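Biologist: I would like to learn how to read cysteines and a ligand site in a model. Where do we start?

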Amino acid sequence: MFELRPETEARVARESRLSGEKPLRRSDDKWLDRWLAATADLARLQYSHPMVDAVIDEVDGRLIRIGNRWLVDFASCNYLGFDLEPEIIDAVPEYLAKWGTHPSWSRLLGSPVLYEEIEARLTDLLSAPDVLVMPTITHIHMSVIPVLVGEGTIYMDGRAHKTIYDGCAVARAHGATVRRFQHDDPDHLESLLRGGDPGPRVICMDGVNSMTGNAPDLNSFAALAREHDALLYVDDAHGFGVVGERGEDELCDYGKRGNSVIQHAGETYENVVLVAGLSKAYSSLLAFIACPSELKQFLKTAAPPYLYSGPSPVASLATTLEGLKLNESRGDAIRFDLYRRTKRVLNRLDELGIATPNTSGYPIVEVPLARHEQIDAVGRFLFDRGIYVTMAAYPLVPRNEVGFRIQITAANTPDQIENLVHALGELTDRFQLQSREDWLGQQLTS
Ligand SMILES: Cc1ncc(COP(=O)(O)O)c(C=O)c1O
């Protein structure tokens with residue numbers, strides 16, 4: 001018989017009343033209480049705020065309709081605008097005619113040849129030893145991290161994405177030790193690596209961070225992995241498709257070809273595996289791990305999703321292949337547009353003296369508030385001005401970063417960008433955002 005603790009019961013009952021559903025029965029569990037407490041701010045916004053858990057009724061380019069309101073979407077991860085690209089959309093029916101809507105074999109039981117084509121193209125794009133495709137990054141973290149580490153040691157970046165945390169938690173349940181190092185701090189990692197923990201050793205971290213928009217110093221982390229016989233495991237969900245290899249002929253600081261932070265940093269795959277997804281820049285439900293061929297073959301039976309999980313729909317395999325082709329022909333020009341639109345927003349924040357953690361110029365721009373309790377009102381203000389953003393409540397970000405996140409895509413028109421920068425100006429007149437000075441001071445003392 002499951003019993004709820006009284007505080008948990010009260011919250012579940014309150015939320016259920018608000019959502020009009022019957023109370024759920026949940027197990028009595030201290031972890032659950034802690035987790036519910038940690039997500040309380042988000043839960044409150046879920047029931048009270050038009051920009052959280054919103055139902056989108058219609059899209060028109062990068063405009064979305066919620067009820068009778070049209071808003072400009074700055075919460076989309078479709079960075080390259082491939083979700084709206086006619087060349088890609090028009091190609092899908094031919095794939096459906098040939099393959100039907102859904103393969104419905106797990107990959108080990110039967111893989112349409114489209115997967116082989118995708119893996120070959122990705123291997124080439126990434127200059128990787130090999131690539132294995134699975135439906136989502138979450139599947140990969142949950143299944144591959146435990147297999148890589150066994151009963152050894154994971155060193156996890158303190159701000160690693162929640163799905164990495166969860167993959168590490170599965171590994172811990174199977175006997176691994178998990179140590180956390182301070183976010184983006186190679187010195188702290190090195191001190192832990194010197195501690196003589198048992199191997200195998202795996203260092204888990206994000207590439208381009210989903211909230212700050214910044215990338216780690218990959219060369220330092222890769223060097224540490226090699227020096228200490230560890231494997232560096234990088235999740236570049238947000239960098240893949242946006243940043244890539246450097247070259248004299250690059251159009252902007254994002255580099256060329258969008259082939260990830262690994263290539264952007266000029267890194268090799270020695271002691272490094274890259275995980276990323278197609279569900280952001282490529283607007284397709286698919287993910288991959290770039291790794292040696294022997295590991296790929298091993299994961300086909302050792303990582304459960306290859307056998308046990310349903311596959312990506314044919315439309316996603318189609319949009320991935322067509323997106324990869326478009327990336328080769330026009331990707332760099334599209335990224336240049338994205339870069340210019342992002343720069344306009346970042347320059348405006350700079351003029352206004354508003355702080356953002358973004359020092360990279362990549363299209364994820366978080367704006368922390370000086371008073372986190374204003375998040376509700378700030379969100380409503382933006383909504384009323386037709387601007388749709390991600391509410392960055394705790395625990396999506398640390399408490400001192402509570403605010404909102406703007407994501408820019410190549411499909412946002414210059415007019416939409418101008419509306420946004422205008423609204424940001426108005427916002428500074430009415431609310432207290434963190435100033436650059438305060439923000440920098442905080443970073444120095446933290
Ligand atoms: C850094 C990072 N990793 C993983 C994920 C989850 O990806 P998927 O939907 O492919 O499981 C996300 C999604 O937002 C992400 O931002």
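Modeller: Start with a definition: a disulfide is a pair of cysteine sulfur atoms within 2.5 Å. In general, a disulfide is a covalent bond between the sulfur atoms of two cysteines. Keep in mind that this model is predicted.

Biologist: How many disulfides does the structure hold?

Modeller: The count is 0.

Biologist: Why is C77 without such a bond?

Modeller: Its closest cysteine sulfur belongs to C252 and is 19 Å away, so the two are too far apart for a bond. C77 is also buried, with a relative accessible area of 17%.

Biologist: What about C204, and how far away is its nearest cysteine sulfur?

Modeller: The sulfur of C168 is the nearest, at 4.3 Å, and C204 is in no disulfide. C204 is buried, with a relative accessible area of 0%.

Biologist: Now the ligand. Where does the ligand sit?

Modeller: It occupies the largest pocket. The residues around the ligand include T138, H161, D235 and K280. By class, this shell has 6 polar, 3 charged and 2 nonpolar residues.

Biologist: Which atoms of the ligand pair with polar side-chain atoms of T138, H161 and D235?

Modeller: For T138, the partner is a ligand oxygen atom, 2.5 Å from a polar side-chain atom. For H161, an N or O atom of the side chain is 3.3 Å from an oxygen atom of the ligand. For D235, a polar side-chain atom lies 2.6 Å from a ligand nitrogen atom.

Biologist: How much of the ligand's accessible area does the protein cover?

Modeller: On its own the ligand has 400 Å² of accessible area, and the protein covers 82% of that.

Notes: Residues are numbered from 1 along each chain as its sequence is written. This is a predicted model: local features need pLDDT of at least 70, side-chain atom pairs count only at pLDDT 80 or more; totals for chains, interfaces and linings use all residues. Side-chain values use heavy atoms; hydrogens and water are left out. A residue is near a molecule or strand if one of its heavy atoms lies within 4 Å of it. A polar contact is a pair of N or O atoms within 3.5 Å; within protein, one must be able to donate a hydrogen and the other to accept it, and residues adjacent in sequence count only if both atoms are side-chain atoms. Accessible areas come from the Shrake-Rupley method with a 1.4 Å probe; for residues, only the protein chains shown count as cover. On a 1 Å grid over the protein atoms alone, a cavity is a set of points where a 1.4 Å probe fits but cannot get out, and a pocket is an open set with protein on both sides within 12 Å along at least five of seven lines; lining residues have an atom within 4 Å of a point. A molecule sits in a cavity or pocket if more than half of its atoms lie within 2 Å of its grid points. Ala, Val, Leu, Ile, Met, Phe, Trp, Tyr, Cys and Pro count as nonpolar, Asp, Glu, Lys and Arg as charged, and the others, Gly among them, as polar. Buried means under 20% relative accessible area, exposed over 50%, partly exposed in between (1.4 Å probe, protein chains only).
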